[in-house]
Amino acid sequence: MKKSYIFVALILCLGAYCYIAPLQFRGGFLDPNVGILNWGLITLIFFALTILAFLFEFETAATGAKQIVLVSMLGTISALSRLPFAALMNFQPCTFFIICSGYVFGPVAGFMVAALTTLISNLFLGHGPWTVYQIFTWGLVGVSAGYLRRVPVRSDRAKIILLLVFGAVWGMLYGVIINIWFWAAFIYPLTLKTYLLTLLNAVWWDLSHSLANVVFLLFFGTKTLAIMERFKKRFFWTYERQEAK
């Protein structure tokens, strides 16, 4: 089994554990409402393992300095594109760049672009407990976009339609995951009911995010993917041994 599959499985398991802990361990040792192992420690472990796993995978996946520079450049562009849209209720192009990066360059590169987007943009917008969840959630967007490329499509139009649906779904799913930080930090007790109310309170932000993904993919998706594909052909290469005749 490829190491990337193992890392993705690890991230999903950790995310699922952090997600269900407040609902399944009420009153016990792992209950973040009363337990000794509080939510802050859980997320710290989750953050460290998640980032280290993908850093190690990216270290082995990158074959040269040009690839590292390219991923860094994409992460920086994505981060800076977030700043002018900061006041527009989550209507921003970051997820669009992350989707395109993951789709063209693969799951690990998609995660790294997402991590850089979060770390760089939050230097201007502010770091906090939400940073962990942003890296994880945007990272999942990039990872899943990398595997989306394996879905067979017959035309460029079908590919864009697939990406539009993908972006719309992730606009809402992003909110389902990212709102956990607010629920865990400011809501008591941590129950399914209070979590659903937290999601309802943020539904307009999630709809705005979903709309932004659709708009940017619709108007800029084809051109952006074409540009990234050209860079991929130029900087990403594999060695194939030819058999002696």
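1. A polar contact is a pair of N or O atoms within 3.5 Å. The side chain of S81 has such an approach to the backbone oxygen of S78, at 2.6 Å. S81 lies in helix α3. At 13% relative accessibility S81 is buried, because the cut-off for buried is under 20%. Beyond its neighbours within four places in sequence, S81 is in contact with P93, C94 and F97.

2. The model is predicted, and its confidence should be kept in mind when reading the points below. The average pLDDT of the protein is 80, and 71% of the residues score at least 70. Among the elements, helix α1 (residues 3–24) has the lowest mean pLDDT, 62, while helix α4 (residues 94–105) has the highest, 94. Where pLDDT is low, the predicted coordinates should not be read in detail.

3. On the overall fold, the protein has 10 helices and 0 strands. Along the sequence the pattern therefore reads α-α-α-α-α-α-α-α-α-α. Of the 245 residues, 47% count as buried. The accessible surface is about 13,300 Å², and carbon and sulfur atoms account for 70% of that surface. Among contacts between residues at least 6 apart in sequence, 75% join residues at least 24 apart.

4. How many salt bridges does the structure hold? The count is 1. The pair is E229 and R149, whose closest N and O atoms are 2.8 Å apart. This pair links distant parts of the chain: E229 belongs to helix α10, R149 to the loop between α6 (130–148) and α7 (156–178), and 80 residues separate them. R149 has a relative accessibility of 33% and so counts as partly exposed.

5. A nonpolar patch on the surface is formed by M73, I77, I227 and F231, which together have about 290 Å² of accessible area. The elements that give two or more residues to this patch are α3 (65–82) and α10 (203–235). I77 is placed in helix α3, and F231 in helix α10. I77 is partly exposed, because its relative accessibility is 39% and partly exposed is the class between under 20% and over 50%. F231, at 30%, counts as partly exposed as well.

6. I77 can also be placed relative to F97. The two residues are 20 apart in sequence, and their C-alpha atoms are 8.4 Å apart in space. F97 is also one of the residues that S81 contacts.

7. L116 is found in helix α5 (residues 107–125). With a relative accessible area of 24%, L116 is partly exposed. Apart from residues up to four places away in sequence, L116 touches V71, S72, G75, A79 and S121. For V71 the separation along the chain is 45 residues, and the C-alpha atoms of L116 and V71 are 8.9 Å apart.

8. Is T194 buried or exposed? T194 is buried, because its relative accessible area is 15% and the cut-off is under 20%. T194 is placed in helix α9 (residues 192–201). Its side chain makes a polar contact with the side chain of W183, at 2.9 Å. Not counting residues up to four places away in sequence, T194 touches W183, I187 and P189. W183 is thus named twice for T194, as a polar contact partner and among the residues touched.

9. The loop between α3 and α4 holds two residues to check in the backbone. M89 is located in that loop, and N90 is found there too. M89 has a positive phi of about 55 degrees although it is not a glycine. N90 has a positive phi of about 70 degrees, and it is not a glycine either. At 35% relative accessibility, M89 counts as partly exposed.

Conventions
Residues numbered from 1 in each chain as written. Heavy atoms only, no water. Patch = residues over 30% accessible without salt bridge, like charges linked within 9 Å, V, L, I, M, F, W, Y side chains within 5 Å. Areas by Shrake-Rupley, 256 points an atom, 1.4 Å probe, with all protein chains shown as cover. Salt bridge = Lys/Arg side-chain N within 4 Å of Asp/Glu carboxyl O. Helix = DSSP H or I, 4+ residues; strand = E, 2+ residues; numbered from the N terminus. Buried < 20%, exposed > 50% of the residue type's maximum accessible area, 1.4 Å probe, protein only. Polar contact = N/O pair within 3.5 Å; in protein donor to acceptor, adjacent residues only side chain to side chain. Contact = heavy atoms within 4.5 Å. pLDDT = per-residue confidence, 0-100.
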